[in-house]
Amino acid sequence: KGRLSEEEIKKMVDLAEQMKKEDSEKVEKINAKNALEGYLFQMKNTVDDPKLEGKIKKEDKDKVNDICDKALQWLDNKKDGSKKDFEDKQKEVQKALMPILQKLGGGGMPGGMPGGGMPGGFDPSQFQRQQQQQQ
């Protein structure tokens, strides 16, 4: 006959469902890790943008780069981290960078940035809304 029994079919379906769940969790973890890494590089590129030359204090620029570099080092050492680990780290970094980013968004700059935003499309008001939604 060569046909599978009901029990064998059920085992195969259960295994497939378990693998699907594990795959989904891995995708979510990878997406959280990539989001953190992308955010860190975006922040580094933003403060290093020549358009901000003279508009950001050297100590603020150094602080952003230091925070991002430490987070990137953490990321390199956290290969087995969970989705929550990566999301928590991103929230931690965002909270640490918030005072500097608020200055760049207009509070510390006469007239603010042209067009109300920052180079690279970063908009501090969207960042603040995102932060509030995550809390």
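## Exercises on a predicted helical protein

Lys89 is buried, with a relative accessible area of 14%; buried means under 20% relative accessible area, exposed over 50%, and partly exposed in between (1.4 Å probe, protein chains only). The model is predicted: local features need pLDDT of at least 70, side-chain atom pairs count only at pLDDT 80 or more, and totals for chains, interfaces and linings use all residues. Residues are numbered from 1 along each chain as its sequence is written, and side-chain values use heavy atoms, with hydrogens and water left out.

### Exercise 1. The fold

Task: State how many helices and strands the protein has, and give their pattern along the sequence.

Solution.
Step 1. Helices (H or I, at least four residues) and strands (E, at least two) are DSSP runs, numbered from the N terminus.
Step 2. The protein contains four helices and zero strands.
Step 3. Along the sequence, the pattern is α-α-α-α.
Step 4. Contact means heavy atoms within 4.5 Å. Of the contacts between residues at least 6 apart in sequence, 72% join residues at least 24 apart.

### Exercise 2. The span of helix H1

Task: Compare the reach of H1 with the span expected at 1.5 Å a residue.

Solution.
Step 1. The expected span of a helix is 1.5 Å times one less than its number of residues.
Step 2. H1 has 43 residues, and the expected value is 63 Å.
Step 3. From its first C-alpha to its last, H1 reaches 63 Å, close to the expectation.

### Exercise 3. The nonpolar core

Task: Identify the residues that touch the most other members of the largest nonpolar core, and the elements that give two or more residues to this core.

Solution.
Step 1. A nonpolar core is a set of buried Ala, Val, Leu, Ile, Met, Phe, Trp, Tyr and Cys residues joined through side-chain atoms within 4.5 Å.
Step 2. The largest core has 20 residues, of which Tyr39, Leu40, Met43, Val64, Val93 and Leu97 touch the most other members.
Step 3. Helix H1 (6-48), helix H2 (58-77) and helix H3 (83-107) each give two or more residues to this core.
Step 4. Leaving aside residues up to four places away in sequence, Val93 touches Tyr39, Leu40, Ile67 and Ala71.
Step 5. The buried residues of H1 include Tyr39, Leu40 and Met43. In the protein as a whole, buried residues make up 30% of the 135 residues.
Step 6. In soluble globular proteins, nonpolar side chains tend to be buried together.

### Exercise 4. Salt bridges within a helix

Task: For the pairs Lys89 and Glu92, Lys10 and Asp14, and Asp88 and Lys84, give the N to O distance.

Solution.
Step 1. A salt bridge is a side-chain nitrogen of Lys or Arg within 4 Å of a carboxyl oxygen of Asp or Glu. The whole structure holds 12 salt bridges.
Step 2. Lys89 and Glu92 meet at 3.1 Å. They are three residues apart in helix H3, so about one helical turn separates them. Glu92 is partly exposed at 48%.
Step 3. Between Lys10 and Asp14, the closest N and O atoms are 3.0 Å apart. These two residues of helix H1 are four residues apart, so about one helical turn separates them. Lys10 is exposed at 53%, and Asp14 is partly exposed at 35%.
Step 4. Asp88 and Lys84 meet at 2.7 Å. They are four residues apart in helix H3, so about one helical turn lies between them. Asp88 is partly exposed at 33%, whereas Lys84 is exposed at 52%.
Step 5. An α-helix has 3.6 residues a turn, so residues three or four places apart point the same way.

### Exercise 5. The surface

Task: Name the members of the nonpolar surface patch and give their accessible area together.

Solution.
Step 1. Patches are made of residues with over 30% relative accessible area and no salt bridge; like charges are joined within 9 Å, and nonpolar side chains (Val, Leu, Ile, Met, Phe, Trp, Tyr) within 5 Å.
Step 2. The members are Leu4, Ile9, Met12 and Val13, with about 350 Å² together; accessible areas come from the Shrake-Rupley method with a 1.4 Å probe, and for residues only the protein chains shown count as cover.
Step 3. Ile9 lies in helix H1 and is partly exposed, at 37% relative accessibility.
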